[in-house]
Amino acid sequence: MDSSGSTQKLENLLLVAVPRDLMDDEVIELRREILQAIRRHGSQVVLLDFSRVDICDSFFGRFIYTTSKMVELMGAKVIISGLQDVVIETMVELGMTLPDVDAVLDLDDALALSRSLSRQYNHLNETAPPDGDIADEE
Amino acid sequence: MAGQSRKDQLHFTIQHVADVSTSRRAGMQMAINMGFAHADATKIAVVISELARNILIYARTGTIIVKEHRGLDGKRGIKIIADDNGPGIPFLDKALTEGYTTSGGLGLGLSGSKRLMDEFYIHSEVGKGTNVTAVKWLNK
């Protein structure tokens with residue numbers, strides 16, 4: 001297990017525990033940490049875990065949006081999990097929509113999704129084989 | 001920074017990012033103590049958060065007061081008053097439009113906050129400042 005700060009690797013998933021009170025300077029730091037960890041681990045899916053967050057204002061919405069756009073540019077994908085019921089109710093009434101970001105209920109569902117994405121990815125690599133004849137094995 | 005002058009009133013000077021989380025946490029606790037449901041206390045906290053952030057972004061400094069409020073018919077509620085001496089809002093109708101922003105944010109702060117509360121008033125004068133007063137009733 002490799003973990004640094006609030007990110008942790010699990011298979012091709014990068015787990016990110018979003019802090020309860022996310023402040024401006026921490027956002028920049030956390031995003032950098034995520035991008036570096038994606039490169040380090042070759043993560044395909046970044047899971048933003050919101051289970052510690054009980055007050056989610058539009059600033060959080062912007063954090064999710066910018067993070068997902070940056071992660072996309074690295075060829076990975078952001079999914080979110082752990083949103084509390086009252087947080088969801090407030091987010092929707094506030095008018096926050098998160099296009100292009102999938103949400104899952106918990107870690108089990110996140111793993112299932114990242115495994116299926118991983119299979120798709122491997123399948124793509126098989127249909128267009130690289131120059132070498134040895135498949136990439138972990 | 002909380003200068004709690006009375007039991008039923010919280011007063012915050014909004015100057016630093018940390019004041020955003022202090023004020024919204026204290027406001028949420030006050031709402032819960034008053035008997036608001038968890039979901040409504042969360043909405044009140046989010047509105048305090050949005051208004052405090054607006055103060056920081058546009059005016060740099062200001063105050064937020066959260067207090068118990070009584071309607072004319074005696075019903076109880078919570079009142080949030082956000083005050084600053086910042087640049088004011090030149091196009092108030094635009095500022096209340098969903099998605100409109102001059103700061104690069106999501107443009108949900110004011111329009112969304114209005115939806116989360118029962119009453120929402122903005123008074124703003126260019127060059128003088130902005131006052132936002134919002135109320136949420138306990139038993140509707």
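Colleague: What makes β1-β2-β3-β5-β4 of chain B an open sheet, and which strands are its edges?

Modeller: In this predicted model, the five strands pair antiparallel in that order, and β1 (9–14) and β4 (119–125) of chain B are the edge strands because each pairs on one side only. Strands here are DSSP runs of E, at least two residues, and helices are runs of H or I, at least four, numbered from the N terminus.

Colleague: How do you know that β4(B) pairs with β5 (residues 129–137) of chain B?

Modeller: Two strands pair if DSSP finds at least two bridges between them; seven bridges join β4(B) to β5(B), so they count as a pair. B:I122 stands opposite B:V132 there.

Colleague: Why is the link between A:D57 and B:R24 called a salt bridge?

Modeller: The term asks for a side-chain nitrogen of Lys or Arg within 4 Å of a carboxyl oxygen of Asp or Glu. These side chains meet at 3.7 Å, N to O, so the pair qualifies. The count between chain B and chain A is seven salt bridges.

Colleague: What is meant by the area buried between chain B and chain A?

Modeller: That's the accessible area (1.4 Å probe) that two parts lose on being put together, summed over both. Here that comes to about 2,100 Å², with carbon and sulfur atoms giving 57%.

Colleague: What should I know about numbering and cut-offs?

Modeller: Residues count from 1 along each chain as its sequence is written, with chains lettered from A and ligands numbered from 1 in written order. Local features need pLDDT of at least 70 and side-chain atom pairs 80 or more, while totals for chains, interfaces and linings use all residues; side-chain values use heavy atoms, leaving out hydrogens and water.
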